[in-house]
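Me: I've got a model open on my screen and a pile of labels I don't want to take on trust. Can we go through them one by one?

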Amino acid sequence: MKKHILLIVFICFSTIAFGQTNLRNLTVENATNPIGIGVETPRFSWQLVSNKQNVKQTAYEIQVKEGTNTLWRSGKVISDASIFNRYGGSPLVSNAKYYWQVRVWDNQGKVSNWATASFGTALLHSNEWKATWISSGLKSDTVNGVVPLFRKSFLANKKIASAKVYVTSRGLYEVQINGKRMGDSYLSPGWTSYDKHLQYQTYDVSNLLSEGKNAIGAIVGSGWYRTRLGWENKQNIYGKETALLFQMEIKYADGTTATVVSDTSWKTSNSSILYSEIYNGEIQDLNLEQKKYSTANFDDSRWVNVTKKDFPKDYITASINEPIRKQENFKPVQVLTSPNGETILDFGQNLVGWVKVDIQGKPGDLIKLSHVEMLDKKGVPYFENLRSAKAQAIYTLTGNGIETLEPHFTFFGFRYVKVEGLSGKLNPNDFTAIALYSDMKQTGTFECSNPLVNQLQSNIQWGQKGNFLDVPTDCPQRDERLGWTGDAEVFSRTAAYNFNVNQFFAKWLIDVAADQKENGSVPFVIPDALKGSQWDMGIGAAGWADASIIIPYNMYVSYGDREIVERQYPSMKAYLNYVQGAAKNDLWNTGFQFGDWLSYRVDDSKGMIGMKSAITDNYLVAQCFYAYNTQIMIKTAALLGKTAEVKEYQALLERIKKAFQAEYMTVSGRLISETQTAYILALQFDMLPENLRAQAVDRLVKNIESYEYHLTTGFLGTPFLNPVLTRFGRNDVAYKLLLQDTYPSWLYPIKAHGATTIWERWDSIKPDGTFQDPSMTSFNHYAYGAVGDWMYRTIAGIDTKEAEGAGYKSSIIKPEIGGDLTFAKASLETNYGLLSSSWKIEGNKFILDVEVPPNTNAIIEFPTNKIETIKENKTVINAKSITVGSGKYHYEMEL
């Protein structure tokens with residue numbers, strides 16, 4: 001009898017577990033259980049989970065509560081929208097915690113259980129800041145001076161229920177409470193256009209406080225705020241004085257509250273950090289460390305009171321992006337000795353971050369760590385490409401037991417570290433390289449049968465990790481590390497495959513709009529650290545300033561986040577208006593242009609290929625991007641329902657194409673620049689009449705053949721090279737370019753030099769082993785990694801529709817085989833769930849496995865013409881393509 005009962009229970013449980021749709025990954029404003037959102041009408045998202053096929057949401061219901069008080073019941077909403085559903089209840093208040101729950105109905109008549117999550121609000125209005133800005137006022141607190149400490153002691157004489165801190169700085173901050181570090185973020189509050197856009201962060205510090213005496217300690221470094229930025233040695237760009245803004249909100253168990261704020265009651269003193277700068281590094285004397293300065297019983301009688309500052313607070317907003325956090329750790333893979341007798345640690349991976357050292361030395365030992373990306377042919381550390389950046393961490397030891405050495409307000413781009421000053425034998429286990437980057441969730445994976453291509457994928461991802469340090473920088477090692485718009489623009493779609501960069505770019509695009517000039521032009525770097533320099537030209541450069549239009553749309557396509565394009569649309573429109581004004585008779589042939597930056601030059605590596613340099617007319621490139629921008633504006637205006645502007649931009653696009661054809665194309669379709677980039681851009685953006693496109697493809701292929709299947713493209717041509725070849729039926733050539741492993745190619749740095757990141761130049765190390773011009777040679781520069789987009793979209797075949805299916809609501813699975821690859825697989829964690837494509841070739845059989853997330857559909861296009869052989873499991877499909885709903889699918893066919 002018991003067995004029968006257990007069997008019935010098991011059957012019932014199985015029916016519930018395997019028949020019902022469940023929910024997971026509940027987010028508010030793209031964050032899981034956030035504690036400090038700064039919006040009054042947040043957006044809710046969730047994912048459906050089901051083991052069945054063709055599951056769709058048909059309705060949902062949301063409830064939001066504060067304690068036992070229900071603020072909003074959406075009621076049953078007939079909709080399949082499971083992302084970005086906006087709050088519609090009573091006004092939210094600041095510094096509150098809310099719980100929300102959601103349930104859905106599916107197309108199989110099932111209703112899910114309620115799924116519950118939470119969110120907390122920050123300070124929703126600027127007048128709720130009770131804190132004042134404070135500065136040390138110390139004479140030593142200068143741009144390259146001693147970093148100051150701050151502290152405040154206070155009493156909490158009741159049982160504490162909860163406590164939150166809202167904090168930001170003009171500079172970079174770290175906070176301790178009662179001797180413990182607050183939070184796990186670094187280089188906070190990050191880098192923004194500080195004079196126009198400054199973010200604050202929210203921390204839950206409930207478990208750091210205790211009833212009775214408490215103390216707060218803070219340290220504020222110069223960071224991006226006032227250390228030099230750029231290569232013209234400009235300092236104090238945003239201000240000469242660093243400052244702290246701190247507000248703690250305490251809720252006691254009896255329902256009363258208290259607030260602790262930064263004000264003139266705080267005290268300040270010098271820290272043990274004698275020097276801290278982004279490019280040069282950090283100098284610490286541990287003998288000067290004021291231990292336990294953030295504890296309640298610390299004697300601060302020799303400290304002095306801080307200075308109050310009247311810096312504005314009305315433009316400060318709650319953070320919307322992920323903070324910088326510590327990520328992977330690396331131990332040295334080998335200890336090397338250079339011909340000069342230098343001791344060098346090799347961590348095996350070019351990364352961005354710093355080295356943590358746990359070491360015992362003698363009193364006064366001066367430990368110096370110098371960071372480089374490369375060793376020269378003789379094995380000597382290569383410092384020249386750092387230009388004026390010293391990239392050093394220097395520590396004076398106390399000699400008191402094992403001491404932990406670690407920087408606070410700097411970072412380095414490195415694989416190798418030269419170690420000096422050890423009094424004993426070096427133990428490699430004492431050294432740990434720690435990667436630092438914005439805490440973006442990895443969403444994409446890619447693997448294939450070619451190990452070099454797999455390493456290329458790794459290099460692309462590590463290039464993104466190292467250069468997505470709160471802003472999308474060009475490089476992480478030399479005296480630059482700026483948010484170059486061109487690099488970000490060409491890489492943005494690849495970036496969105498590898499990691500979830502929705503909030504990362506949403507935050508950066510606010511700075512794009514903030515730093516946009518009155519004439520609509522966009523600076524070359526964002527934040528605009530070059531303002532006032534010779535590079536502050538008040539103009540927009542094609543492919544660079546276009547980031548203001550291209551990236552918002554790419555984020556919409558990748559995530560279905562309409563809010564980004566809604567917010568950025570005035571900026572997008574202003575930039576296109578600028579270009580229209582700069583153009584003459586719809587021809588953009590005026591002003592400075594970067595053009596196809598760093599394309600192949602014969603002089604770069606003498607003796608290679610022996611063919612001519614690939615120099616594309618800068619204004620031809622600009623005209624193509626003028627069209628590209630206009631195409632995106634047509635789509636964006638249509639998305640936002642701006643029908644009049646759609647017509648306006650459609651007419652403009654036709655005029656742009658006609659102007660291009662009149663200026664840059666002969667009657668037979670030959671372009672004035674016979675380069676790969678010229679034909680790529682003309683084909684990518686449909687600049688040529690349809691009847692002349694086939695001959696243009698032939699010219700492109702012949703050009704590639706003349707370079708023995710080597711690419712010659714620069715920053716602006718490279719992202720579209722393989723996609724154009726695939727689109728026009730020359731996938732064979734695209735694969736030859738991908739798999740080419742001699743210079744210039746994607747695989748050359750890997751095969752010839754063991755690269756672990758993408759390089760700035762195709763020949764940052766030349767085939768003869770010498771380095772390129774050290775004035776501009778980075779070994780961690782992600783722009784050429786834009787080929788990753790094609791690898792996901794074409795090799796694995798994962799793509800999304802745009803207007804009607806953005807964010808992978810409607811996906812495209814279309815793998816295109818080629819080269820000598822025998823298998824490839826990729827996955828993408830979309831806002832709806834996991835989307836994957838995996839294929840392999842066994843003899844003449846092609847096997848494809850696809851997973852489509854619930855509440856979405858996908859068009860699957862099969863790479864065979866033998867449609868009669870296509871089977872799902874054992875059922876004949878007999879179609880070149882099919883549309884499927886969610887679920888897992890297995891197909892086999894003959895090639």
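Reply: Sure, and let's start with pockets. On a 1 Å grid over the protein atoms alone, a pocket is an open set of points with protein on both sides within 12 Å along at least five of seven lines, while a cavity is a set of points where a 1.4 Å probe fits but cannot get out; lining residues have an atom within 4 Å of a point. Grid points are joined across faces, edges and corners, and the volume is the space filled by probe spheres set on those points. By that reckoning the second largest pocket holds about 1000 Å³. Two notes on the ground rules: this is a predicted model, where local features need pLDDT of at least 70 and side-chain atom pairs count only at pLDDT 80 or more, but totals for chains, interfaces and linings use all residues. Residues are numbered from 1 along each chain as its sequence is written, and side-chain values use heavy atoms, with hydrogens and water left out.

Me: Which residues lie nearest the centre of the second largest pocket, and how many line it?

Reply: There are 35 lining residues, and Gln684, Pro723, Arg793, Asp799 and Glu802 lie nearest the centre. With Ala, Val, Leu, Ile, Met, Phe, Trp, Tyr, Cys and Pro taken as nonpolar, Asp, Glu, Lys and Arg as charged, and the others, Gly among them, as polar, the lining divides into 14 nonpolar, nine polar and 12 charged residues.

Me: Which element gives the most to that lining?

Reply: Helix H12, with six residues; H12 covers 718–727. Helices (H or I, at least four residues) and strands (E, at least two) are DSSP runs, numbered from the N terminus. Others that supply at least two lining residues include helix H15 (787–796) and strand S36 (798–800).

Me: What makes S36 and S37 a pair?

Reply: Two strands pair if DSSP finds at least two bridges between them. S36 and S37 (residues 810–813) are joined by three and run antiparallel, so they qualify under the two-bridge rule. Ile798 stands opposite Ile813 there. On S37 you'll also find strand S41 (residues 857–861), paired in the parallel sense over four bridges, with Ile812 opposite Ile859.

Me: How do you know that S31 is mostly covered?

Reply: Buried means under 20% relative accessible area, exposed over 50%, and partly exposed in between (1.4 Å probe, protein chains only). In S31 (residues 412–420), eight of the nine residues are buried. Strand S27 (residues 343–360) pairs with S31 in the antiparallel sense over seven bridges, putting Leu351 opposite Phe414. Strand S28 (residues 366–372) is joined to S31 by five bridges, also antiparallel, and Ser370 has Lys418 as its bridge partner.

Me: Why is the Phe504 and Phe505 pair called edge-to-face?

Reply: Rings of Phe, Tyr and Trp (its six-membered ring) pair if their centres lie within 6.5 Å; planes under 30 degrees apart count as stacked, over 60 as edge-to-face and the rest as tilted. The whole structure has 65 aromatic pairs. In this one, the centres are 5.4 Å apart and the planes 85 degrees, so edge-to-face it is. Phe504 is buried at 0% relative accessible area, and Phe505 is buried at 0% too.

Me: What makes Arg170 sit over a ring?

Reply: NZ of Lys or CZ of Arg has to be within 6 Å of the ring centre and within 35 degrees of the ring normal. The charged end of Arg170 is 5.8 Å from the centre of the Trp133 ring, so the distance fits the cut-off. Arg481 lies over the face of Phe411, at 5.0 Å from the ring centre.

Me: Is Lys292 buried or exposed, and what about Asn33?

Reply: Lys292 has 65% relative accessibility, so it counts as exposed, whereas Asn33, at 38%, falls in the partly exposed band. Phi is near 60 degrees for Lys292, a positive value in a residue other than glycine, and near 45 degrees for Asn33, again positive. Lys292 is in the loop between strands S21 (281–285) and S22 (304–305); Asn33 is in the loop between S1 (22–28) and S2 (43–49).
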